[in-house]
Amino acid sequence: MDTKELLKKVRKIEIKTRRLSDHIFGGEYHSTFKGRGMTFSEVRQYQFGDDVRNIDWNVTARYNEPFVKVFEEERELTMMLMVDISGSELFGTEQQFKNEVVTEIAATLAFSATQNNDKIGLILFSDKVELYIPPKKGRSHVLRIIRELIEFKPESKQTNLAEALKFMQNVMKKKAIVFVLSDFIADDYHQTMKIVSGKHDVTGIRVYDKREEDIPNLGMVQMHDEETGESMLVNTSSKKVRLNYGKFYHEKVAYYKESFTKSGAGAIDCRVDESYVKKLLGYFKRRG
């Protein structure tokens with residue numbers, strides 16, 4: 001992709017997702033993810049019922065009447081976007097591939113965080129961490145994140161979510177708001193998930209295509225596994241083949257839901273042909 005085309009794509013995503021975060025998600029995000037403590041804001045005249053411990057004695061002495069310090073919530077937070085860029089993210093049978101929807105969701109969340117003056121970081125992972133962008137503030141930083149989401153080419157096509165979670169835990173010393181965007185066709189991350197969500201506020205966003213849920217009866221079909229690189233002839237007219245595939249897929253989804261919910265993390269399911277706006281808004285409202 002040449003630079004001109006890339007910038008055009010980045011701009012298109014910015015216009016769409018920024019509008020969403022400005023009009024819809026700013027306030028919802030703010031009320032869902034509250035700050036870490038209280039910071040001094042201003043002084044005002046003492047009113048009956050105010051805590052006497054908050055009296056500002058210097059101002060009180062100056063004006064000869066009692067004034068109290070007003071504190072407000074410390075808003076600055078850090079959002080970490082963890083995005084699965086393994087081979088299976090390139091699947092898509094509707095208008096959009098999964099990775100395109102993931103990019104839009106990530107951009108919407110990043111702009112919502114920017115509105116609240118929060119820092120945003122990015123981890124792109126396959127079966128290893130492929131790229132880490134440390135948290136920073138500002139529009140140009142978010143545009144860099146969008147650029148990487150569009151054009152980054154992973155070295156590996158496989159997935160290891162546990163590795164990515166361990167890495168995030170090591171680099172993020174303070175509590176962060178963590179969104180993990182993936183199809184969660186992965187194994188053995190339950191224990192790591194438990195440890196990570198004990199410290200951080202974690203939400204999984206599962207992005208999937210309805211055609212992945214069940215194989216239709218199409219006779220003999222050449223199938224290519226994006227993660228292993230294997231191609232094979234599959235007899236989709238065999239009921240057993242279809243049942244085995246369905247079992248495998250639904251076990252992975254059940255494992256994801258159980259791992260996240262039992263760890264106290266949030267879980268959102270978003271099909272590529274559904275509105276991720278409704279899904280995110282519903283989630284924020286339930287949590288807010």
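**Salt bridges in a predicted model**

At 52% relative accessibility, lysine 247 counts as exposed. The cut-off for that word is over 50% relative accessible area, so lysine 247 falls in the exposed class. The structure shown here is a predicted model, and this walk through it follows the charged side chains.

Lysine 247 has a partner, glutamate 251, and the two side chains meet in a salt bridge with an N to O distance of 3.0 Å. Both residues belong to helix α8, which covers residues 239–262. They are four residues apart in that helix, which means that about one helical turn separates them. Glutamate 251 is partly exposed, its relative accessible area being 46%. In general, side chains of opposite charge can pair when their charged atoms come close.

How many salt bridges does a search of the whole structure find? The search finds 18. Another of these joins the side chains of aspartate 51 and arginine 53, with 2.7 Å from N to O. Arginine 53 has a relative accessibility of 72% and therefore counts as exposed. Aspartate 51 has 31% and counts as partly exposed.

The next stop is helix α1, residues 3–32, where glutamate 14 lies. Is glutamate 14 buried or exposed? Its relative accessible area is 3%, so glutamate 14 is buried, the cut-off for that class being under 20%. Leaving aside residues up to four places away in sequence, glutamate 14 touches Arg19, Phe111, Arg139 and Leu143.

Glutamate 14 also has a salt-bridge partner in arginine 18, and their side chains meet at 3.1 Å, N to O. Arginine 18 and glutamate 14 are four residues apart in helix α1, so the separation between them is about one helical turn. The two ends of this pair fall into separate accessibility classes: arginine 18, at 29%, counts as partly exposed, whereas glutamate 14, at 3%, is buried.

This pair is part of a network of salt bridges that links Arg11, Glu14, Arg18 and Arg139. One of the network's members, Arg139, has already appeared among the residues that glutamate 14 touches.

To recapitulate, the pair in helix α8 brings together exposed lysine 247 and partly exposed glutamate 251. In the pair of aspartate 51 and arginine 53, the aspartate is partly exposed and the arginine exposed. In helix α1, a buried glutamate 14 meets arginine 18 in a salt bridge, and both belong to a network with Arg11 and Arg139.

Definitions and conventions
Residues numbered from 1 in each chain as written. Predicted model: local features only at pLDDT ≥ 70, side-chain atom pairs only at ≥ 80, totals over all residues. Heavy atoms only, no water. Helix = DSSP H or I, 4+ residues; strand = E, 2+ residues; numbered from the N terminus. Buried < 20%, exposed > 50% of the residue type's maximum accessible area, 1.4 Å probe, protein only. Contact = heavy atoms within 4.5 Å. Salt bridge = Lys/Arg side-chain N within 4 Å of Asp/Glu carboxyl O.
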